[in-house]
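Subject: Structure handover

Hello,

Here is the structure I promised you. Please open it beside this email and follow along as you read.

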Amino acid sequence: LCMVMKVCDVSHPLRPLKVHLRWSRLLLDEFFLQGDAEKAAGLVVSPLCDRSTGRFYSRRPTRGLRCV
């Protein structure tokens, strides 16, 4: 079951580009919402969750990989 969950989690890059980009944007939105909640609570914002420094909506597919 753990392997199935992992495969489901990372399989979207293998989908058609339109589907992959949609899932990627949804994931970034979730990260940014978490960062917004952390900032509102006065906590340190987790890596990749700060909306003010996140520049991941790029047309170049490799740009997001460089930041990781």
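A residue counts as buried when its relative accessible area is under 20%. By that cut-off, 18% of the 68 residues of the chain are buried. Keep in mind that this is a predicted model.

**The overall layout**

Start with the fold. The chain has three helices and zero strands. Along the sequence, the pattern reads α-α-α. Now look at the contacts between residues with a separation of 6 or more. Of these, 18% join residues that are 24 or more positions apart. The chain exposes about 6000 Å². Carbon and sulfur atoms supply 64% of that area.

**Helix α2**

Next, find helix α2. It covers residues 17-40, which makes 24 residues. How far apart should its ends be? At 1.5 Å a residue, α2 should span 34 Å. The C-alpha atoms at its ends are 34 Å apart, so the expected span and the model agree.

Which residues of α2 are buried? They are H20, S24, L28, F32, G35 and E38.

Other α2 residues face outward to some degree. R22 lies in this helix. Its relative accessibility is 56%, over the 50% cut-off, so R22 counts as exposed. R22 and H12 are ten residues apart in sequence. Their C-alpha atoms are 9.3 Å apart in space.

L26 also belongs to α2. L26 has 37% relative accessibility, so it counts as partly exposed. Together with V19 and W23, L26 makes a nonpolar surface patch of about 280 Å².

Then check what follows the helix. Just after α2, G42 takes a positive phi of about 80°.

**The loop between α2 and α3**

Helix α3 covers residues 61-67. Stop at L48, in the loop that comes between α2 and α3. The phi of L48 is near 70°. That is a positive value in a residue other than glycine. L48 has 34% relative accessibility, so L48 is partly exposed.

**Salt bridges**

How many salt bridges does a search of the whole structure find? The search finds two.

Take D36 and R51 to begin with. They form a salt bridge, and their closest N and O atoms are 2.7 Å apart. D36 sits in helix α2 and R51 in the loop between α2 and α3, so this pair ties together parts that are 15 residues apart in sequence. How covered are the two partners? D36 is partly exposed, at 32% relative accessibility. R51 is partly exposed too, with a relative accessible area of 41%.

Now take D50 and K39. Here the closest N and O atoms of the salt bridge are 3.3 Å apart. D50 is in the loop between α2 and α3, while K39 is in helix α2, so the pair ties together parts that are eleven residues apart in sequence. K39 has a relative accessibility of 47%, so K39 counts as partly exposed.

**A buried charge**

Finish with E38, which lies in helix α2. Is E38 buried or exposed? E38 is buried, yet E38 has no salt bridge. What is the nearest side chain of opposite charge? That is K39, and it is 9.1 Å away. A salt bridge needs the nitrogen and the oxygen within 4 Å, so that distance does not qualify.

What does E38 touch, then? Leave out residues up to four places away in sequence. E38 then touches L43, V44, V45, S46 and C49.

Work through the sections in order, with the structure open beside you.

Best wishes

Note on methods: Residues numbered from 1 in each chain as written. Heavy atoms only, no water. Helix = DSSP H or I, 4+ residues; strand = E, 2+ residues; numbered from the N terminus. Expected span 1.5 Å × (residues − 1). Buried < 20%, exposed > 50% of the residue type's maximum accessible area, 1.4 Å probe, protein only. Patch = residues over 30% accessible without salt bridge, like charges linked within 9 Å, V, L, I, M, F, W, Y side chains within 5 Å. Areas by Shrake-Rupley, 256 points an atom, 1.4 Å probe, with all protein chains shown as cover. Contact = heavy atoms within 4.5 Å. Lys, Arg positive; Asp, Glu negative; His and termini not counted.
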